[in-house]
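I opened this notebook to record what I looked up in one structure, step by step. The entries follow the order in which I went through them.

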Amino acid sequence: MTKRIHAFLTAHAEQLAYLVVGGMTTLVNYAVYVLLTAIAGLYYIAGNGIAWTAAVAFSYLASGRWVYRSTGRRGWREAGEFVLSRLFSLGLETALLLLMVDLLSVNELAAKLLAAVVVVVVNYWTGLLVFKRKKGA
């Protein structure tokens with residue numbers, strides 16, 4: 001049984017690391033969002049943009065090192081590509097928030113959590129595009 005668990009962990013190390021880092025990134029995103037919207041009273045779309053910025057900064061540092069184990073030169077180009085890859089998820093999350101909050105009357109904090117589930121999956125795939133680029137590309 002122990003060998004099976006070890007084999008599973010080894011085979012899925014990247015995905016498991018992403019779940020941990022993705023969970024931590026989601027926590028950063030949600031905590032900043034709650035502070036800005038529920039406590040400071042900022043409009044939920046503005047709070048989402050600021051929370052997204054904090055989460056992307058955290059995610060870039062953590063994901064490149066522990067999830068994708070980037071072997072490329074960590075610099076402005078890679079950081080820029082990462083941010084660009086995450087702009088799609090910002091748009092997706094904002095659209096989901098608008099849909100749920102304004103059209104479906106879902107509570108802002110609950111809508112943020114629901115949108116986060118979709119965004120975590122999308123961000124894994126876009127992160128692969130940045131950090132797993134073939135050598136010479």
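Which residues does Glu93 touch, not counting residues up to four places away in sequence? Before answering, I note that I am working from a predicted model. I find that Glu93 touches Asn29, Asn48, Lys112, Ala115 and Val119 once those sequence neighbours are set aside.

**Entry on the overall fold.** I looked up the secondary structure and found five helices and zero strands in the protein, so the pattern read along the sequence is α-α-α-α-α. Of the 137 residues, 36% are buried. I also looked at the contacts with a separation of 6 or more, and 67% of these are accounted for by residues 24 or more positions apart.

**Entry on Glu93 and its partner.** I placed Glu93 in helix H4, and with a relative accessible area of 2% I list Glu93 as buried, because the cut-off for that word is under 20%. Among the residues that Glu93 touches is Lys112, and I looked up this pair more closely. Side chains of opposite charge can pair when their charged atoms come close. Lys112 forms a salt bridge with Glu93, and the closest N and O atoms are 3.1 Å apart. The pair links distant parts of the chain, with Lys112 in helix H5 and Glu93 in helix H4, 19 residues apart. Lys112 is also buried, with a relative accessible area of 2%. When I looked up the count of salt bridges for the structure, it came to one.

**Entry on Arg86.** I then turned to another charged residue of helix H4, which spans residues 76-103, and this was Arg86. What is the nearest side chain of opposite charge to Arg86, and how far away is it? I found that it is Glu93, 10 Å away, and that Arg86 is buried yet has no salt bridge. The distance explains this entry, because a salt bridge needs the nitrogen and the carboxyl oxygen within 4 Å. Leaving aside neighbours within four places in sequence, I list Trp52, Val56, Ser59, Asn123, Thr126 and Gly127 as the residues in contact with Arg86.

**Entry on the cavity.** I looked up enclosed spaces next, and a search of the whole structure finds one cavity of 30 Å³ or more. The volume of the largest cavity is about 240 Å³. Its lining has 20 residues, and those nearest the centre are Thr25, Thr26, Asn29, Val119 and Asn123. Asn29 and Val119 I had already met as residues that Glu93 touches, and Asn123 as a contact of Arg86. Which helices each supply at least two residues of this lining? I noted helix H2 (13-39), helix H3 (44-67), H4 and helix H5 (108-131), with H2 giving the most, seven residues. By residue type, the lining of the largest cavity divides into nine nonpolar, eight polar and three charged.

**Entry on Ser105.** Last, I looked at the loop between H4 and H5, where Ser105 is found. Most residues other than glycine have a negative phi. Phi of Ser105, however, is near 60 degrees, which is a positive value in a residue other than glycine. Is Ser105 buried or exposed? I record Ser105 as exposed, because its relative accessible area is 63%.

Note on methods. Residues are numbered from 1 along each chain as its sequence is written. This is a predicted model: local features need pLDDT of at least 70, side-chain atom pairs count only at pLDDT 80 or more; totals for chains, interfaces and linings use all residues. Side-chain values use heavy atoms; hydrogens and water are left out. Helices (H or I, at least four residues) and strands (E, at least two) are DSSP runs, numbered from the N terminus. Buried means under 20% relative accessible area, exposed over 50%, partly exposed in between (1.4 Å probe, protein chains only). Lys and Arg count as positive and Asp and Glu as negative; His and the chain ends are not counted. Contact means heavy atoms within 4.5 Å. On a 1 Å grid over the protein atoms alone, a cavity is a set of points where a 1.4 Å probe fits but cannot get out, and a pocket is an open set with protein on both sides within 12 Å along at least five of seven lines; lining residues have an atom within 4 Å of a point. Grid points are joined across faces, edges and corners, and a volume is the space filled by probe spheres set on the points. Ala, Val, Leu, Ile, Met, Phe, Trp, Tyr, Cys and Pro count as nonpolar, Asp, Glu, Lys and Arg as charged, and the others, Gly among them, as polar.
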